[in-house]
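Hi everyone, thanks for coming. I'd like to walk you through one protein model today, so have a look at the screen and get settled.

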Amino acid sequence: MIIPRIAYSTGEPAGIGPDIAVLLAQEQLPCEMVVLGNKQVLQDRAQQLGLAVSIVAYDPQRASQQWPAGTLVVADHATPAPVQAGQLNPKNSSYVLELLEHAGKGCIQGEFAAVMTGPVHKGIINDAGIAFSGHTEFFAALSQTPQVVMMLATEGLRVALVTTHLPLSEVSAAIKQPLVESVMRIVDADLRNKFACESPRILVCGLNPHAGEQGHLGREEIDEINPVLQKLQNEGMQITGPWPADTVFQPHYLENADTVVAMYHDQGLPVLKYRGFGNAVNITLGLPFIRTSVDHGTALDKAGSGTIDTGSARFALMTAIEMAQRSQQQED
């Protein structure tokens, strides 16, 4: 079997992204993890953590392979300013985006089988005068993908979102039939193509309490959501709803589902993170490549401390490997 080559973009250099690389590399991984970052930052962080690492320069012409524990395969990128763990510097924001561009273009060109992204700090990137709303939007623009979907997953539960980082006051206006239909089709297609679900079973949340109570608590379910679900059901899609969000997240329903689709960020993700925080993965659906991410932020206060939990990073990496292997099997 081909050893998958997975890019890991280390994200904000002052955060725990470099720590994650050093810690994951302490064992032999079932892939070639190519660390996109700064060689000196990684060496310094390993020293802070009291861990020995052997850094090997990444060569895209070399066949992918498993490396011994303690080895970091690094695609070295220069930081515009010195890096100190825990201290943000807007001068390094361009470096963070350079890593993402390398990862995304490498996936598009077939250099990498997938990318796992480390946490970035959106605020400091915007403080540097660079418009940036997140990994998802960045990769969508880079790959010229008109519509992508955010999904988080943990053991036994996947949650995809119709809207993502919108103020709650703007969510209702965004829930329109074209968006709902586009999201449902992307979720169905990627569950088939990237998760090997032959006939995905999708549960869809309503927007309002009690899914609108037949219009008494809002008409979005009647006017915007249900017509789409009926259309897709008529096409043979295994999709049901709209369900009240306080009902659908129960074992009775989830045991027969491949994913839940929530209408907005804080409708679905608190449930998933309560169930699996620290052992969850963020997956971008709809891209022409595989992208997974940790489910947490930069944790500046923990950078270089040796106290971080790599559970989410490990889950994100293993998910990327599994998805890459499925993709390879389908191509074969």
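Let's begin with a small one: in which helix is H135 found? The answer is helix α5, which covers residues 135–142. Do keep in mind that what you see is a predicted model.

T136 lies in helix α5 as well. Now, are these two buried or exposed? H135 has a relative accessible area of 10%, and T136 comes in at 9%. Buried means under 20%, so H135 and T136 both count as buried.

Who are their neighbours, once we skip residues up to four places away in sequence? H135 touches L100, T117, G118, V120 and R291. T136 is in contact with V148, M150, T284 and R291. So R291 turns up in both lists.

That brings us to the record. An unreviewed UniProt entry gives the feature "binding site" at H135, T136, K273, N282 and R291. In the model, the lining of the second largest pocket includes H135, T136, K273, N282 and R291.

Next, the inside of the protein. In soluble globular proteins, nonpolar side chains tend to be buried together. Here the largest nonpolar core has 60 residues, and M184, V187, V204, V261 and L317 touch the most other members. Helix α12, residues 311–331, is the biggest contributor, giving 8 residues. Domain 1 (1–145 + 287–331) and domain 2 (149–278) each supply at least three residues. Apart from this core lies another, of 27 residues, including V34, L36, I125 and A140.

Thanks for listening!

Methods: Residues numbered from 1 in each chain as written. Predicted model: local features only at pLDDT ≥ 70, side-chain atom pairs only at ≥ 80, totals over all residues. Heavy atoms only, no water. Core = buried A, V, L, I, M, F, W, Y, C linked by side-chain atoms within 4.5 Å. Buried < 20%, exposed > 50% of the residue type's maximum accessible area, 1.4 Å probe, protein only. Helix = DSSP H or I, 4+ residues; strand = E, 2+ residues; numbered from the N terminus. Domains from an automatic or database assignment. UniProt positions renumbered as here; feature names shortened; annotations may be inferred. 1 Å grid on protein atoms, 1.4 Å probe; cavity = no way out; pocket = protein on both sides within 12 Å on 5 of 7 lines; lining within 4 Å. Contact = heavy atoms within 4.5 Å.
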